[in-house]
Amino acid sequence: MEERDFLHPEYFINREMSWLAFNARVLEEALDESNRVLERLKFLAIVSSNLDEFFMVRVAGLKDQVKAGFQKPDPSGATPKEQLRMINVRTHQMVERQYRCFREEIIPALEEQGISFVKPEQLSEEQEAFIDSYFDNHIYPVLTPLAVDQSRPFPLLLNKSLNLAVMLERKKAKSSKKVFAVVQVPAVLSRYIELPSPVGKVFILLEDVIKKYSNRLFKGNEISSVYPFRITRNADMSLDEEGAEDLLKEIEKELRKRKWGSAVRLEIDGQMDEDVKTILQEALEVHNRDIYPIEGPIDLTKFFSFVQFPGLEHLRNETKQPQPPADLIGEDDIFEAISERDILVHHPFESFDCVVDFVTKAADDPNVLAIKQTLYRVSGDSPIIKALASAAEKGKQVTVLVELKARFDEENNINWARQLEKSGCQVIYGLVGLKTHCKITLVVRKEGDNIRRYVHLSTGNYNNSTARLYTDLGLFTSNPDLGVDASALFNDLSGYSEPPEWRKLEAAPKGLRRKYLDMIKREIETHTEEKPGRIIAKMNSLTDERIIMALYEASSKGVQIDLIVRGICCLRPGIPGVSENIRVRSIIDHYLEHSRIFYFANGGNPRVYLSSADWMTRNLDRRVELLFPIEQSNLVQRVIDILHVYLSDNTKARELDSNGIYHHVQPAESEPLINSQMYFTQLAIEMTERRQKETFAAPYKPAEEWVL
């Protein structure tokens, strides 16, 4: 492929601008009045959480590049300094829009439902008495006021901690010079406090209570002003894995540093005095453009828990209970079921419990000899961890690869690794310089005189909590070739084995990009009028230059390409002669779209794959990832149908134009409304009901109205 012909800045969308466009689409869900009010508040909290990570990693990285004098432009032609300027403009606009929604739409909508947030001056006598006692008994004992003067320097404040900047005058001092102090708002206490009220529900924010009683913290002083503020620090870890004798200890050391990295953003109360702002700006060494005045409660991520407040279920979007996978209904023995056929599970529409059961039953089964599994992110009280520990205690050979470098889950994974080691599991930490991001479980079972391998492969993590919130696909199989490949993978990860010759799998970082490029090239070579080339790919992000240029080459030769990309997309569709045959859509809805699905027409002999990897350079070059085929005919059809449902979505889908702008898909006048996630929810219910009534002959009913 003549890739060089397509390497032009005007053909690429800047990665950071594309990410901000994704977060803007999340914000649009908060602005959508068809969502219930707490669903809208949830999306506002997601916007804040996303921005936190964006600043801690992406903005921090760009700032480091500028400090180092790095001036090389990215594929879109923007230097690090130019990118920071663009980010500054876009994020200030986004935050202003986010908080305007909170003040002018969410709060009034909550008040219409009898839910209000009050300020201290609005308290009734009963509420005043309640909060006075609450402060003395629950809040005051936890607080630590920190004075700032010549003998006490500005305190080291934790990353993402909410604090109060207090200006006060010493009553007994000879001069009336103001002094400065800081009070950290305790993260161990609820951010909102419910007050007694004869009608509805009334809440007050924790920082407002502390502000009200701040004079009790500084007796003998006159309080001049109290303003909340929050800092975001550089949290990108820099590990010397080659020189680290103990990777676990090295990561623990870096985690401690993360709390105190340089400040990359300062959020302040929108009414803050200039003198207080100057003190903070100088102490934290932040540029004026990195200061974000907030008209509302700083840090909306704390409202995640409010969204789940008991008794407010009617204010959240209805969530259907995940259904038991139709292919496993009536099956008493999961191993027997998998031995007969491959089984595909679509989460969260079909329950993740079957994955937990697979590991749990393997742990209890006396015929199981060994369990091997990769863990990237797991839940706080993981039943899978417990099952693996139980299996080891029963004498089974249990090998677990725990990825210690899973960003922002490092501490959690360190704790799991130690717990598993204590239980007798063999715990490995992956390969130097690479994150192990693939999701695979291998169960080795003795059946008579034979040994059979059972494998689970997935697009998502072994996390029973996020499995209720993320859309993913998982495959159970006893295919001998995939079993051999699974064994070879674990040997490669745990020892000095040469990279295997794969029978069915393909893996990064050695061969996955080449596999994708070969498949794209084959679409060009087999493309004819009778058998047109066709690619459909669903993923979280698309940033890899070589993949993008290969797609441009295919498009220029007439191959029709549909990309379903939830987040970042650096490819620019609709450029005449370059990408006019490429369409890009993004779906943002109640569940986080997380599955990675790839379809190639392959000259009339379709190939369907699932993967743990996005089309990102980091996934293809710096991670251990897997691509696995779906080959059983009914499952191939099912995956194709899933893709076409996403391509038919005309309620939650947005399409990307050649200017890098997303537009809501507008259904035609007579076209039925299709919401892909609602469709899959209803389909799972229907499949379960039919299977339970034993009137459903096939494991899946194809949506025959969708044709390639």
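Select T441 and then H456, which stands opposite T441 in strand 16; strands here are DSSP runs (E, at least two residues), and helices are DSSP runs of H or I with at least four, both numbered from the N terminus. This is a predicted model, in which local features need pLDDT of at least 70 and side-chain atom pairs count only at pLDDT 80 or more, whereas totals for chains, interfaces and linings use all residues. Residues are numbered from 1 along each chain as its sequence is written, and side-chain values use heavy atoms, with hydrogens and water left out.

Widen the selection to residues 439-447 and 450-458, which are strand 15 and strand 16, paired in the antiparallel sense over nine bridges; two strands count as paired if DSSP finds at least two bridges between them. Two residues lie between the strands of this hairpin, where G448 takes a positive phi near 65°. Add residues 470-477 to bring in strand 17, which runs antiparallel to strand 16 and is joined to strand 16 by four bridges, with S458 opposite G474.

Next, select L551 and display its contacts (heavy atoms within 4.5 Å). Leaving aside neighbours within four places in sequence, L551 touches I520, I535, L542, I561, L563, L571, I582 and W615. L551 is among the residues with the most contacts inside the largest nonpolar core, which has 115 residues; such a core is a set of buried Ala, Val, Leu, Ile, Met, Phe, Trp, Tyr and Cys residues joined through side-chain atoms within 4.5 Å. Helix 2 (residues 37-67) supplies the largest share of this core, 12 residues. Apart from it lies another core of 47 residues, including F490, Y591, Y599 and L626.

Now turn to the salt bridges (a side-chain nitrogen of Lys or Arg within 4 Å of a carboxyl oxygen of Asp or Glu), of which the structure holds 42. Select R585 and E655, whose side chains meet at 3.4 Å, N to O. R585 lies in strand 21 (residues 582-587) and E655 in strand 26 (residues 653-656), so the pair ties together parts that are 70 residues apart in sequence. R585 is buried at 6% relative accessible area, while E655 is partly exposed at 35%; buried means under 20%, exposed over 50% and partly exposed in between, with a 1.4 Å probe and protein chains only.

Move on to D614 and R596, whose closest N and O atoms are 3.0 Å apart in a salt bridge. D614 is buried, with a relative accessible area of 3%, and R596 is buried, also with 3%. Finally, select E28, E29, D32, K652 and R654, which are joined into one network by salt bridges that share partners.
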